[in-house]
Amino acid sequence: MSDTKNVVPTEADESVDNLSIAEIERQTKLLQLKLAKQALEAQTLELEERAYHIKDLKARLADRDIVEKQAKEDREQQGRTFAQQDATDQFNWARCTHRKGGNVSPQNWSVLRTGGNAVQYAIMKHQMINGDIWVRCLRCGKTWKPPVEKDFFFDLKGKNVAPADGKFDKVRFEKVAEEYRAASMFPTNNSMSTSVQCRFGRAILDSEGQVRFIDAADTYRENIASSNLR
Ligand SMILES: [Zn+2]
């Protein structure tokens with residue numbers, strides 16, 4: 001019990017405590033320095049990372065630029081090829097009589113491409129899956145088929161455009177329809193080829209909520225309008 005007296009701090013104790021405070025202060029400073037150093041390192045890393053991202057982004061943008069340029073060149077080249085093919089077709093189709101006959105000599109094979117002068121036509125008729133009859137010249141490859149209205153819309157410059165962007169040219173449509181009617185009646189002794197025959201329909205809901213089938217021959221024609229019997 002009398003030991004309690006000994007708890008009163010001595011000089012020596014105070015000096016120990018003073019030392020401890022100095023030590024604590026020193027360690028606190030050290031810790032602060034350490035934290036500051038770490039924060040600096042983190043910021044440096046962040047900057048490096050950001051620089052890397054910028055570099056990466058620039059590289060990707062450059063890649064995309066190259067890909068876009070290449071795609072544009074491809075489209076232009078493709079456009080030139082199509083235009084060239086189209087011009088060649090128009091030339092061949094215009095000079096061909098689409099008829100049988102004519103003389104072929106070893107020196108001159110051109111009649112095979114330009115047609116002869118017989119009454120019979122050098123054509124093949126093919127009945128499409130929807131019943132439409134397409135006619136193809138076996139000499140020049142021209143194909144006549146029922147025209148589709150949506151292909152006869154033109155803008156003010158006369159360019160063939162989508163229906164929403166232009167006006168329907170009835171005269172041009174009728175002309176092609178007439179050419180088709182004439183071609184479908186070209187006399188030929190070649191037999192017609194056919195496909196499996198189907199009727200194209202579309203299911204709709206009528207006003208009473210009943211499912212009904214409506215004729216969709218036009219939809220079928222529109223979908224294959226850009227094909228031919230080449
Ligand atoms: Zn022809």
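This report walks through the fold of a predicted model, from its overall layout down to a few individual residues.

## Overall layout

Let's start with the big picture. The protein has 4 helices and 8 strands, and along the sequence they come in the pattern α-α-β-β-β-β-β-α-β-β-β-α. The radius of gyration is 43 Å, well over the 17 Å that the globule rule gives for 230 residues, so the protein is more spread out than a compact globule. Along the principal axes, the C-alpha atoms fill a box of roughly 145 × 65 × 40 Å.

Burial tells you something here too: buried residues make up 9% of the 230 residues. As for contacts with a separation of 6 or more, 44% of them link residues 24 or more positions apart.

## Two domains and the stretch between helices

The domain assignment splits the protein into domain 1 (30-95) and domain 2 (97-223). Their C-alpha centres lie 45 Å apart.

Have a look at His-98 while you're in this part of the chain. His-98 sits in the loop between helix 1 (11-95) and helix 2 (111-114). His-98 isn't a glycine, yet its phi is positive, at about 60°. Is His-98 buried or exposed? His-98 has 22 C-beta neighbours inside 10 Å, and the cut-off for buried is 20 or more, so His-98 counts as buried.

## The four-stranded sheet

Next up is an open sheet of 4 strands, with the order 3-2-1-6 and mixed pairing. Its edges are strand 3 (143-144) and strand 6 (193-194), each of which pairs on one side only.

Strand 1 (residues 123-127) and strand 2 (residues 133-137) run antiparallel and are joined by 5 bridges. To find your way along this pair, look for Met-124, which stands opposite Arg-136 in strand 2. As a reminder, strands of a sheet pair through backbone hydrogen bonds, either parallel or antiparallel.

## The nonpolar core

Which residues make up the largest nonpolar core? There are 9 in all: Tyr-121, Ala-122, Ile-123, Trp-134, Val-135, Cys-137, Cys-140, Trp-144 and Ala-183. Strand 2 gives the largest share of this core, with 3 residues.

Trp-134 is a handy core member to click on. Leaving aside neighbours within four places in sequence, Trp-134 is in contact with His-126, Met-128, Thr-143, Trp-144, Lys-145 and Leu-229. Two of those partners, Thr-143 and Leu-229, get their own section below.

## Thr-143 and Leu-229

Thr-143 lies in strand 3, one of the edge strands of the open sheet. With neighbours within four places in sequence left out, Thr-143 is in contact with Trp-134, Arg-136, Asn-228 and Leu-229. Thr-143 has 19 C-beta neighbours inside 10 Å and therefore counts as partly exposed. Asp-132 is 11 residues away from Thr-143 in sequence, and the two are 13 Å apart in space, C-alpha to C-alpha.

Leu-229 is found in the segment after helix 4 (217-223). Where does Leu-229 make its contacts? Not counting residues up to four places away in sequence, Leu-229 touches His-126, Trp-134, Arg-136 and Thr-143. Leu-229 and Val-135 are 94 residues apart in sequence, but their C-alpha atoms are 8.2 Å apart in space. Leu-229 counts as partly exposed because it has 18 C-beta neighbours inside 10 Å.

## The strand 7 and strand 8 hairpin

Finally, there's a hairpin to look at. Strand 7 and strand 8 form it, with 5 residues between them. In the turn, Gly-209 has a positive phi of about 80°. Strand 7 (residues 201-205) and strand 8 (residues 211-215) run antiparallel, with 5 bridges joining them.

To check the register, use two bridge pairs: Leu-205 partners Val-211 in strand 8, and Arg-202 partners Ile-214 in strand 8. How many residues of strand 7 are buried? The count among its 5 residues is 0, so strand 7 is hardly covered. Strand 8 is hardly covered as well, and the count of buried residues among its 5 residues is 0.

Notes:
Residues numbered from 1 in each chain as written. Predicted model: local features only at pLDDT ≥ 70, side-chain atom pairs only at ≥ 80, totals over all residues. Pairing = 2+ DSSP bridges. Core = buried A, V, L, I, M, F, W, Y, C linked by C-beta atoms within 7 Å. Buried ≥ 20, exposed ≤ 12 C-beta atoms within 10 Å, placed from the backbone. Contact = placed C-beta atoms within 7 Å. Domains from an automatic or database assignment. Rg over C-alpha atoms; globule rule 2.2 N^0.38 Å.
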